[in-house]
Amino acid sequence: MRILVLGGDGYLGWPTSMHFAAEGHDVLAVDNYLRRTIAQQTDSEALIPTPNLKKRAERFEAESGYEVDVEIGDCTNYRFMERIFKEFQPETVVHYAEQPSAPYSMMGFEEGKKTINNNLNATFNVIQAVKEHAPDCHIVKLGTMGEYGTPDIDIPEGWIEIEHNGRSDEFLFPRQTGSLYHTTKIMDTDLLWYYVRTFDLKVTDLMQGPVYGLSTPQADLHEDLSPNFHYDDIFGTAVNRFLVQAVAGVPLTVYGEGGQIRGYLNLNDTLQCVELAADNPVEPGDLRILNQYTETFSVNELAEQIQSVGNDMGLDVDIQHIDNPRDEPEDHYYNPTNTGLLELGLEPHYMTDEVVEGMLERVLEHEERIDEDKILPRVSWND
Ligand code: USQ
C-alpha cells in the first residue's frame with residue numbers, strides 16, 4: 001500500500017512510519033516540526049535527543065534497508081497538501097498531524113488558538129485533499145478516548161441508539177471533554193462524519209487512550225530511532241512522567257485524588273491498531289469508530305505499580321498527591337468497551353511489572369539528562 005503518515009515526526013508518527021515501511025509498504029512521512037518547535041518554546045525537550053525526520057529516515061534505511069520518504073511541510077497549507085496527495089496518491093492516510101497536548105491548549109489565548117487552527121485546518125485539508133485528489137483513500141484518523149469524557153453511563157464505540165418519544169435512531173455518542181485540545185478532536189469527528197455521510201469518504205476514527213513506552217522492533221535498532229519521549233508537564237503523559245520521576249527520585253505527581261481512570265496502551269499496540277485499521281478499510285460512506293486502548297486503570301493504580309517495581313529495582317519511589325492543575329472528575333464511573341480492535345485481531349501487550357521494569361531501565365540510561373525543573377505542572381486550567 002502507499003501509506004501517507006501526517007505528523008510523521010511525532011511520538012506515534014515516527015514509529016508508525018518505520019513499522020509500515022518494515023512491513024513492505026511505500027511510506028511517505030510528512031511533518032512541519034510543530035511539536036519540536038512548541039517543545040523548544042515551552043522548555044519541554046524530550047528525554048532522549050532525536051535527530052530531525054530526514055536524518056532519522058537516513059539512519060533507519062542504513063540500519064534496516066527500508067525506506068521512509070520524507071516531506072517537510074505544513075498540513076494546514078492546502079496547496080502543500082494538494083501536491084502531496086496528487087503526487088503520492090495514498091491508499092491510506094494516517095492523520096496524526098495535530099497539536100497533541102491538553103496542557104498546551106490550556107496555557108492561554110495564543111496557545112488555544114494555535115491548537116484550534118492547527119488541528120481543525122489540518123483535518124479539513126485532509127478531508128478536502130482526499131475528496132478532490134484521492135477519493136478511494138481510507139482516512140485513519142487519530143482521535144482520543146478523551147472525546148467521550150467520563151460519563152456516568154457505559155461508553156460504546158462511537159455510536160449510541162437513542163429512544164425518544166417512542167422513536168429511536170443512532171447518533172454519535174454524546175461527547176464532552178476536559179480540555180480545548182480534546183475539544184478539537186470532537187470537532188474533527190464532527191467534520192469527518194459530515195463529509196463521510198455527504199461525500200462517501202472512508203474513515204476510521206481511532207479513540208485512543210494515553211500511550212506509553214519507547215521500545216518497538218524498529219526503534220530498538222539504533223538510539224537515533226527512538227520515539228520522542230517527553231516527561232515534562234506539557235508533552236509528557238502520566239506514565240512516561242512517572243517513570244522519569246521514579247528514576248529522578250522526585251515523588252510521583254498524582255493530580256488530586258488520583259481516581260481518574262483512563263484506557264492505556266503500549267506503543268507497540270498503537271502500531272498494531274493502526275495497521276489493523278489500514279488493512280481492513282471501511283466501505284465508502286462509513287465512519288468506523290474504534291476505542292483504542294487495552295486496559296483501564298486509575299492514576300493511583302499506575303503510580304502504585306511504578307512505585308512497587310521501582311522500589312524492587314532499588315529506587316526510592318514516593319507518591320505525592322498534588323493540587324490538580326486540571327478541571328476533571330477525580331472519582332468517577334468509567335466503563336468503555338474496546339472489542340472492535342480485538343475482533344480485528346489486536347493482541348494486547350499489557351503493562352506488566354516486566355514492561356515497567358524495562359521502561360525504567362531505559363530511562364535510567366538517560367538519567368543525567370533529566371531536568372527536575374520540567375516536572376511540576378506549570379499550566380493550570382483555571383488561571
Ligand atoms: N496526571 C496525573 N499526574 C501527572 C500527569 C497526569 O495525575 O503528572 C493525570 C491527569 O490529570 C489525567 C491522567 O493523568 O487525569 C491522564 O493524563 P495524561 O497527561 O497522561 O493524558 P492526557 O492529558 O489526557 O493526554 C494524553 C495525550 C493526548 C491523548 C490522551 C488520551 O497527550 O494526546 O489524546 O492522552 S486520553 O487521556 O484518553 O484523552
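## Exercises on helices, a cavity and selected residues

Valine 203 is found in strand E8; helices (H or I, at least four residues) and strands (E, at least two) are DSSP runs, numbered from the N terminus. The structure is a predicted model, in which local features need pLDDT of at least 70 and side-chain atom pairs count only at pLDDT 80 or more, whereas totals for chains, interfaces and linings use all residues. Residues are numbered from 1 along each chain as its sequence is written, and side-chain values use heavy atoms, with hydrogens and water left out.

**Exercise 1.** Classify valine 203 as buried or exposed, and list its contacts beyond its neighbours in sequence.

*Solution.* Step 1: the relative accessible area of valine 203 is 0%, so the residue is buried (buried: under 20% relative accessible area; exposed: over 50%; partly exposed: in between; 1.4 Å probe, protein chains only). Step 2: with neighbours within four places in sequence left aside, valine 203 is in contact with His138, Ile139, Leu192, Val196, Val282, Asp286, Leu287 and Arg288, where contact means heavy atoms within 4.5 Å.

**Exercise 2.** Compare the span of helix H7 with its expected value, then describe its buried residues and its two ends.

*Solution.* Step 1: the expected span is 1.5 Å times one less than the number of residues. Helix H7 has 20 residues (180-199) and should therefore span 28 Å, and its end C-alpha atoms are indeed 28 Å apart. Step 2: the buried residues of H7 include Leu192 and Val196, together with Tyr181, His182, Thr184, Lys185, Ile186, Asp188, Thr189 and Tyr195. These buried residues pack against helix H5 (102-105), helix H6 (109-133), E5, strand E7 (167-172), strand E8 (202-208) and strand E12 (287-292). Step 3: at the N-terminal end, serine 179 acts as a cap, with a side-chain oxygen 3.3 Å from the backbone nitrogen of tyrosine 181. A polar contact is a pair of N or O atoms within 3.5 Å; within protein, one must be able to donate a hydrogen and the other to accept it, and residues adjacent in sequence count only if both atoms are side-chain atoms. Step 4: aspartate 200 follows H7 with a positive phi of about 60°, although aspartate 200 is not a glycine. Most residues other than glycine have a negative phi. Aspartate 200 lies in the loop between H7 and E8 and, at 47% relative accessibility, counts as partly exposed.

**Exercise 3.** Determine how the buried residues of helix H3 are arranged around its axis, and state what covers them.

*Solution.* Step 1: the twelve residues of H3 (53-64) should span 16 Å, in agreement with the 16 Å between its end C-alpha atoms. Step 2: Leu53, Arg56, Ala57 and Phe60 are the buried residues of H3. Viewed down the axis, they fall within an arc of 100°, so they line one face of the helix; the arc is that of the directions from the helix axis to the C-beta atoms. Step 3: the face turned away from the buried side carries the exposed residues Lys55, Glu58 and Ala62. Step 4: the cover over the buried residues includes helix H1 (13-22), strand E2 (26-31), helix H2 (34-41) and strand E3 (69-72). Step 5: at the start of H3, a side-chain oxygen of asparagine 52 comes within 3.2 Å of the backbone nitrogen of lysine 54. After H3 comes glycine 65, with a positive phi near 85°.

**Exercise 4.** Identify the lining of the largest cavity, and examine the surroundings of aspartate 233.

*Solution.* Step 1: on a 1 Å grid over the protein atoms alone, a cavity is a set of points where a 1.4 Å probe fits but cannot get out, and lining residues have an atom within 4 Å of a point. Grid points are joined across faces, edges and corners, and a volume is the space filled by probe spheres set on the points. Step 2: the whole structure holds two cavities of 30 Å³ or more, and the largest has a volume of about 50 Å³. Step 3: its lining consists of Pro103, Asp233, Tyr255, Pro325, Arg326, Pro377, Val379 and Trp381. Step 4: aspartate 233, in the loop between strand E9 (211-212) and helix H8 (238-248), is buried at 3% relative accessibility. A polar atom of its side chain lies 2.7 Å from the backbone nitrogen of arginine 378. Beyond four places in sequence, the contacts of aspartate 233 include Pro103, Tyr255, Pro377 and Val379.

**Exercise 5.** Find the polar partner of the histidine 19 side chain.

*Solution.* Step 1: histidine 19 belongs to helix H1 and is buried, with a relative accessible area of 12%. Step 2: its side chain and that of glutamate 275 are joined by a polar contact of 2.6 Å.

Key. On a 1 Å grid over the protein atoms alone, a cavity is a set of points where a 1.4 Å probe fits but cannot get out, and a pocket is an open set with protein on both sides within 12 Å along at least five of seven lines; lining residues have an atom within 4 Å of a point.
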